[in-house]
Amino acid sequence: MTDRALRLGTRRSKLAMAQSGHVAEAVRKVTGRPVELVEITTYGDTSREHLAQIGGTGVFVTALRDALLAGEVDFAVHSLKDLPTAQPAELALAAVPVREDPRDVLVARDGLTFEELPAGARVGTGSPRRMAQLNAYARSHGMRIECVPIRGNIDTRIGYVHQGELDAVVLAAAGLNRIGRGGEATELIAVDTVLPAPGQGALAVECPASDAGLTAALGALDDPLTRAAVTAERSLLAALEAGCSAPVGALADVLSDAQDVHQMRLRGVVGTTDGSTLVQLSTTGPVPASHHDAVALGRELASEMLAKGAAGLMGERAL
């Protein structure tokens with residue numbers, strides 16, 4: 001019976017439910033079938049450890065993938081930046097929809113921007129990538145900040161600022177926008193200051209590779225430019241052999257003139273969490289015409305970064 005409800009596996013957080021609800025609506029439109037959300041608790045949701053300690057890679061994904069493989073759900077929605085870089089053969093990455101804003105934002109007390117923070121300001125983030133770049137920026141601008149490791153959902157993190165425990169927190173713009181709280185950001189952080197996590201702002205829609213019909217139907221949600229960009233970013237991450245808790249930032253964007261989109265620029269950064277050393281490089285090439293081309297773009301930049309000493313910086317995880 002083709003009109004039974006499709007079961008969409010999602011994490012339980014407010015953000016995950018908002019993301020999945022958005023995808024569910026789009027899937028209803030393209031398939032004409034009802035979609036029901038199936039809430040699944042992942043290890044990353046229940047562990048109280050810092051993400052850098054539990055390894056980061058896959059902690060929010062494994063339980064959803066297990067449910068897919070067990071036939072408990074028909075498809076799943078992930079934040080793409082949480083996906084391990086190796087794609088299991090049994091699962092198809094059926095769609096990467098149009099990306100939200102990939103940038104990070106600052107949510108600071110009293111409406112402050114990063115440069116307006118007082119000396120010694122306590123800035124909360126659970127991300128070694130953000131720590132490395134924020135500390136490097138502060139260093140180069142004669143500022144003193146203290147990066148404080150935090151975990152928790154968006155409410156919890158912003159709560160630290162409202163309660164006066166922290167002067168500011170750094171979050172993904174996409175997450176705030178998706179739950180309708182983008183207006184609480186006191187500054188959109190330029191990518192020249194902090195490069196986002198590979199795949200940040202993008203979603204991944206995954207289903208069993210054996211279900212060709214569903215894979216094709218979900219493919220209607222795919223945005224080829226977003227897919228090419230995140231493939232290049234994740235290829236860079238994979239070639240640096242770094243998990244998603246490593247201090248690696250990457251962003252691929254298209255350079256276009258009035259007529260057409262003709263080039264893709266990929267920027268990458270890796271650094272020590274104290275910000276004392278950063279390797280930051282970029283490369284530009286034709287917009288990748290295939291998965292292979294996008295992977296090659298990422299590998300090319302990774303090899304240049306490794307030649308500049310990136311490998312030595314990766315071991316310095318915030319454990």
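**Strands 11 to 13**

I opened the predicted model at strand 11 and strand 12 (residues 261-271), and found that they pair in the antiparallel sense over 9 bridges. I then looked up a single residue pair there: A250 has G268 in strand 12 as its bridge partner.

Next I asked which order the strands of this sheet take. The order is 11-12-13, in an open sheet of 3 strands with antiparallel pairing. Strand 11 (248-256) and strand 13 (278-286) are the edge strands, each pairing on one side only. From one strand to the next, the twist averages 15°. As a reminder to myself, strands of a sheet pair through backbone hydrogen bonds, either parallel or antiparallel.

I also checked what lies across this sheet. Helix 9 (residues 224-239) lies across strand 11 and strand 12, and its direction makes an angle of about 145° with strand 11.

**Helix 5**

I moved on to helix 5 (residues 128-140) and tried the span first. Its 13 residues at 1.5 Å a residue should span 18 Å, and the end C-alpha atoms are 18 Å apart, so the two agree.

Is this helix mostly covered or mostly open? I find it mostly covered, with 11 of its 13 residues buried. Among the buried ones are P128, R129, R130, M131, Q133 and Y137. I kept in mind that an α-helix has 3.6 residues a turn, so residues three or four places apart point the same way. Just after the helix, I noted G142 with a positive phi of about 65°.

**D104 and its partner in helix 5**

I wanted to see what R129 does, and that led me to D104, which sits in strand 5 (residues 104-108). The side chains of D104 and R129 are joined by a polar contact of 3.0 Å. Why does D104 count as buried? Its relative accessibility is 0%, and the cut-off for buried is under 20%, so D104 counts as buried.

I listed the contacts of D104 too, leaving aside neighbours within four places in sequence. They include R129 and R130, both of which are among the buried residues of helix 5. D104 is also in contact with V170, L171, A172, A173, L188, I189, V194 and Q200.

**The aromatic pair**

How many aromatic pairs does a search of the whole structure find? It finds 1. The ring centres of F114 and Y137 are 5.7 Å apart and the planes stand at 55°, so the pair is tilted. The pair links distant parts of the chain: F114 is in the loop between strand 5 and strand 6 (121-124), Y137 is in helix 5, and they are 23 residues apart. Both F114 and Y137 are buried.

**P34**

My last single residue was P34, in the loop between helix 1 (14-31) and strand 2 (35-39). Its relative accessibility is 40%, which is why P34 counts as partly exposed. Not counting residues up to four places away in sequence, P34 touches D3, R4, A5, L6 and R28. I also looked up R7: its C-alpha atom is 8.8 Å from that of P34, with the two positions 27 residues apart along the chain counted as their separation.

**The chain overall**

I closed with the totals. The protein chain has 11 helices and 13 strands, and 51% of its 319 residues count as buried. Of the contacts with a separation of 6 or more, 71% come from residues 24 or more positions apart.

Terms used:
Residues numbered from 1 in each chain as written. Predicted model: local features only at pLDDT ≥ 70, side-chain atom pairs only at ≥ 80, totals over all residues. Heavy atoms only, no water. Helix = DSSP H or I, 4+ residues; strand = E, 2+ residues; numbered from the N terminus. Buried < 20%, exposed > 50% of the residue type's maximum accessible area, 1.4 Å probe, protein only. Polar contact = N/O pair within 3.5 Å; in protein donor to acceptor, adjacent residues only side chain to side chain. Contact = heavy atoms within 4.5 Å. Expected span 1.5 Å × (residues − 1). Phe/Tyr/Trp six-rings, centres within 6.5 Å; stacked < 30°, edge-to-face > 60°. Pairing = 2+ DSSP bridges. Axes fitted to C-alpha atoms, helices over the stretch in contact; angles between N-to-C directions.
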